[in-house]
Amino acid sequence: MRSLNWLLFPTLLLILISLYCIFIYAPTESSMGEVQRIFYFHVPSAWTGFLGIFLVFFCSILFLIKNDRAWDIRAAAAAEVGAIFTTMVLISGPLWAKPIWGIYWTWDAKLTSLFVLWLIYLGYLLLRRLLESPIQRARLSAVFGIIGAIDVPIVYMSNRWWRTQHPQPVMGGGESSGLEPSMLFTFLLSLTAFTFLFFLLWRMRCRIEESADRLEALHRELNTRLQEGK
Amino acid sequence: MNFLFAAYTAIWIVLSWYLFSLSRRQKRVENELTRMEAKIKESLK
């Protein structure tokens, strides 16, 4: 835990400054009012959810090429943390949608493809739990993770490709898109804080898996010694 | 305002639960490691 401090303190600091900016510094949006502040957590959660599956994709490819357990650990950890952030998107989204759209949920392309991403994460984690052979688990989940990542461009592009209830992107979504400078600053700060938080949780999760591997090795060593002693 | 409060509360509950779960798992594995290392030392005697 001690060596994680270099990541822990900047993360905490960024979160605290973000909270100040979200609730005090950023102005209230004129059409949606106070509830628009959900945006500063909702979009960064979605970004880290995408980051998670991107890491699963990247680490899975490296695992299949190098056959190195370290990449399998990184992919598995990224999937778990990514699933947490995607869950946060699925919670904050409906709570933002209800006062604005009048409904919590609709099966439009954006929301459905995001829900599919969440199911992909759950499927990946479930697959890892169900497969007992470590080699089979690592290989099959790597393939599953690579295929599952195909959903991310669909989620990202869905409101550009199809007519959706979900609004067009706030940035890069055409001429009418964009943010007021203080809102943009708050958003980018929150995005940075969430990215740091993602990497902190990812490192913590990797460490647990590394320790579990060490434990497994010690178990084997002890069994060998006991058998030799007989 | 209620929806804003609900969203932020829910997010912090999910994050806190996950952090708690991570630290509990880390502690459990570390305790087990210490116990196993002691067993191995004992088997060397």
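# Exercises on a two-chain predicted model

The contact (heavy atoms within 4.5 Å) takes 26 residues from chain B and 35 residues from chain A. The model is predicted, so local features need pLDDT of at least 70 and side-chain atom pairs count only at pLDDT 80 or more, while totals for chains, interfaces and linings use all residues. Residues are numbered from 1 along each chain as its sequence is written, chains are lettered from A and ligands numbered from 1 in the order written, and side-chain values use heavy atoms, without hydrogens and water.

**Exercise 1.** State what area is buried between chain B and chain A, and which residues of chain B supply the most.

Step 1. About 3000 Å² is buried between chain B and chain A, and carbon and sulfur atoms give 83% of this area. Buried area is the accessible area (1.4 Å probe) that two parts lose on being put together, summed over both.

Step 2. On the side of chain B, the three residues B:Phe3, B:Tyr8 and B:Tyr18 supply 22% of the area that this chain buries against chain A, more than any other three residues.

**Exercise 2.** Find the salt bridge across the interface and describe the side of chain B that touches chain A.

Step 1. The rule (a side-chain nitrogen of Lys or Arg within 4 Å of a carboxyl oxygen of Asp or Glu) finds one salt bridge across the interface of chain B and chain A.

Step 2. A salt bridge joins the side chains of B:Arg25 and A:Glu80, at 2.8 Å from N to O.

Step 3. The residues of chain B that touch chain A divide into 20 nonpolar, two polar and four charged. Here Ala, Val, Leu, Ile, Met, Phe, Trp, Tyr, Cys and Pro count as nonpolar, Asp, Glu, Lys and Arg as charged, and the others, Gly among them, as polar.

**Exercise 3.** Describe the largest pocket by volume, lining and contributing elements.

Step 1. The largest pocket has a volume of about 1200 Å³. On a 1 Å grid over the protein atoms alone, a pocket is an open set of points with protein on both sides within 12 Å along at least five of seven lines, a cavity is a set where a 1.4 Å probe fits but cannot get out, and lining residues have an atom within 4 Å of a point. Points are joined across faces, edges and corners, and a volume is the space filled by probe spheres set on the points.

Step 2. Of the 36 residues that line the largest pocket, A:Glu80, A:Arg128, A:Arg205, A:Glu209 and B:Arg25 are the closest to its centre.

Step 3. α7(A) gives the most to this lining, with eight residues. Helices are DSSP runs (H or I, at least four residues), as are strands (E, at least two), numbered from the N terminus.

Step 4. The lining of the largest pocket divides into 17 nonpolar, three polar and 16 charged residues.
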